[in-house]
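Here is a friendly walk through a few features worth finding in your viewer. Keep the coordinates open as you read.

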Amino acid sequence: MFNRFTLSSLRTLLTAILLFAISPAVYAQKTVTVNDRVSQHIFNFGEIEWFKDTQNTLSFEKISSKDFDQHFIKSIKSTPQTTDLKATYWFRIKIKHNSKASKKYLLEFFDQTIDHVTAYLPQKDGRYKIKEFGDQFNFDQRELHHKNFELYISNDHDETQLYYFKFKSSQISDAIIVLRSVDWFISYALDEYFYFGIFYGMILVFSFYNLIMFIAIRQRQYLYYVLYNLSVGFFEMSTDGIAYQYLWSSATHWNQIAYAFALYATSIFALMFTKELLFVKAKAPKLNKFILYIIGIRTALFLYSLWIDQSLFAYKFLEFIPLAVAFYTGIYIYKQGYKPARFFVLGYSFLFIGFTLKFLIMLGFAWLNFGVISYYSLSFCFVLEMVFLSFAIGDKVRILKTKKEKVQRQMIRQMAENVKLKDTLNQQLETKVEERTKEVFHKSLIIEAKNAELLAVNDRLQQQAEEISRMNILLEQDNQELQTNVEKVTRDRVMSADVDFEEFSKIYPDKESCNLFLSDLKWKDGYSCRKCKNTHFYTGHIAFSRRCSKCGYEESVTAYTVFQNTRIPINKAFYMIFLIYSSKGKISSHKLAEILNIRQSTCWTYGSKIKLLMEERKTVLKKTSKNGWSQLVLE
């Protein structure tokens, strides 16, 4: 009994000791060993531990203390991210050094958009060396002039040490940490820059070619395509660090927001290129309006983010909306039967896949982040999209050229048919003309005979016409004398005797006759401009008015007369003056109102004005033999 108890207890004790010994190995952070046979190693999953300092107050002494070990969390993702932009992130890795290694090693940080990294590098004596880097520092301050961030590590001992990195960034960044040998880094960097040269060279070549096409053809689709390609290149250079290295190495603030300008330009020019290439305005008017709304909203959001809250620039996934709109537009237009849209849809399919992959990685699908291909997937897709969009433009030009040639062939055939038809009609017309000519010739003989008879008759008629003409001239002279006598007698009677309005109206029946009388009366001694005294005039815009040929002053026929600005019909006003003059001002306003059918108050007002003129001009009126009432007209 005692032996069994002892063996059981001993077995339990050994199991506990074994578990205790094994547990640190199971749960401890994975260590990466420096090895000449391994040129590079990417830290992922359990090899990286992290801690989020939401208060931004913890010091390195606190973070690196043994009591704080339990707060660090092993990464369950291949690449941890700084998703909380207001917090400070601490990352640590464990490296076992190898003093026997013949190569020199460095740590490289792939994400070039990290604003500020404080690296705590352990030394041989146990102390830590601090280095700061990030894209908020001038490019010239980097230890290596490379688009990524690199740190040399000391490998002159065989100890296992912890490296700490403090991340603070205004946008979501990836903690991609790679251990590389210097030899491998040089080879890799040369290859990378070579491929970057090819990528940006393609963008420049495509852009330059389409710019030449725009200058030659003046189609806006080429201009929008050039601007779209340059915006894509601008965005790629801003995010991969090439722009910061070569274009604005000292403009740290601009480097923080340059990608936002590029993204905005990419979205806007992509939509404008879509509209122009696919004839959206003509083929889908509602979709065209929707695209314009998207452009307006995207512009408003960009301006708001730029001037009010630049943290909104970090939400790059919003570019998914303009991309999806352009993609849907291509599919819709393709379904309508427009063939150039097929390459457009194909190109945007690749871009859509690349953008979706990046978007899913950002949302936390770490298994999609499987290396260089996934990291540069959007760039690869941009290249494919650029190629297929060029095919789309070429396809559009080819189709337009085919249609033009088809129309030209139809025009040539139609012109040939027109020529043939013209020849046929000309032949028929010539035949008809010959027949008609013969007919006309026979009829002309008959007409000549008839003309001879008519000439004889015409001679007789002409003699009779001359006799009648002489008689008409004599009669016309008699009529003119008679009419002149009648008008003279009538006018004299009007001017000197009592007549009624009906008889007076025969002499001045309407406004035109009254204005003619006024015109002859005003300018009987010749025209003289009241402004500049010029004596030459043109006919004015109003009937019977005269416009000065020098200063342009136009004087109406009623200006400076007693009829100026009167509301009474001018023929009635004539008669009223005549009645007042004939009665020597003794006729009453009631009588005038009864005769002229005008309100008594109007007759009284106007009559008073006439009577006042008669009083002022009584000396002149006494000397007047006839037409005395006309002396009251002119002021």
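Let's begin with a charged pair: Arg180 and Glu108 form a salt bridge, with their closest N and O atoms 2.4 Å apart. Arg180 sits in strand E11 (residues 177-181) and Glu108 in strand E6 (residues 105-109), so this contact ties together parts that are 72 residues apart in sequence. Both Arg180 and Glu108 are buried. Please keep in mind that this is a predicted model.

In total, the structure holds 12 salt bridges. Three of them are set out here.

| Salt bridge | Closest N to O distance |
|---|---|
| Arg180 and Glu108 | 2.4 Å |
| Lys131 and Glu143 | 2.8 Å |
| Arg220 and Glu276 | 3.9 Å |

What does the bridge between Lys131 and Glu143 tie together? Lys131 belongs to strand E8 (residues 128-133), while Glu143 lies in the loop between E8 and strand E9 (149-152), so the pair links parts 12 residues apart in sequence. Glu143 counts as partly exposed because its relative accessibility is 36%.

The side chains of Arg220 and Glu276 also meet in a salt bridge. Here the partners come from two helices, Arg220 from H4 (residues 220-240) and Glu276 from H6, so parts 56 residues apart in sequence are tied together. Arg220 counts as partly exposed, at 48% relative accessibility, and Glu276 is partly exposed too, at 23%. Elsewhere, Glu49, Asp69 and Arg92 are linked in a network of salt bridges.

Helix H6 comes up again when we turn to empty space. A search of the whole structure finds 5 cavities of 30 Å³ or more, and the second largest has a volume of about 120 Å³. Helix H6 (252-277) and helix H8 (285-307) each supply at least two residues of its lining. Among the lining residues are Tyr259, Leu263, Arg298, Ser305, Lys316 and Glu319. By class, this lining has 8 nonpolar, 1 polar and 3 charged residues.

Next, look at helix H16 (residues 589-596), whose buried residues are Ser589, Leu592, Ala593 and Leu596. They cover an arc of only 100° around the axis, which puts them on the same side of H16. An α-helix has 3.6 residues a turn, so residues three or four places apart point the same way. The face turned away from the buried side of H16 carries the exposed residues His590 and Glu594. After H16 comes Asn597, which has a positive phi near 60°.

Finally, is Leu204, a residue of helix H3 (residues 182-217), buried or exposed? Leu204 counts as exposed because its relative accessibility is 55%, and the cut-off for exposed is over 50%. Leu204 and Val226 are 22 residues apart in sequence, with their C-alpha atoms 8.9 Å apart in space.

Terms used. Residues are numbered from 1 along each chain as its sequence is written. This is a predicted model: local features need pLDDT of at least 70, side-chain atom pairs count only at pLDDT 80 or more; totals for chains, interfaces and linings use all residues. Side-chain values use heavy atoms; hydrogens and water are left out. On a 1 Å grid over the protein atoms alone, a cavity is a set of points where a 1.4 Å probe fits but cannot get out, and a pocket is an open set with protein on both sides within 12 Å along at least five of seven lines; lining residues have an atom within 4 Å of a point. Grid points are joined across faces, edges and corners, and a volume is the space filled by probe spheres set on the points. Helices (H or I, at least four residues) and strands (E, at least two) are DSSP runs, numbered from the N terminus. Ala, Val, Leu, Ile, Met, Phe, Trp, Tyr, Cys and Pro count as nonpolar, Asp, Glu, Lys and Arg as charged, and the others, Gly among them, as polar. Buried means under 20% relative accessible area, exposed over 50%, partly exposed in between (1.4 Å probe, protein chains only). The arc is that of the directions from the helix axis to the C-beta atoms. A salt bridge is a side-chain nitrogen of Lys or Arg within 4 Å of a carboxyl oxygen of Asp or Glu.
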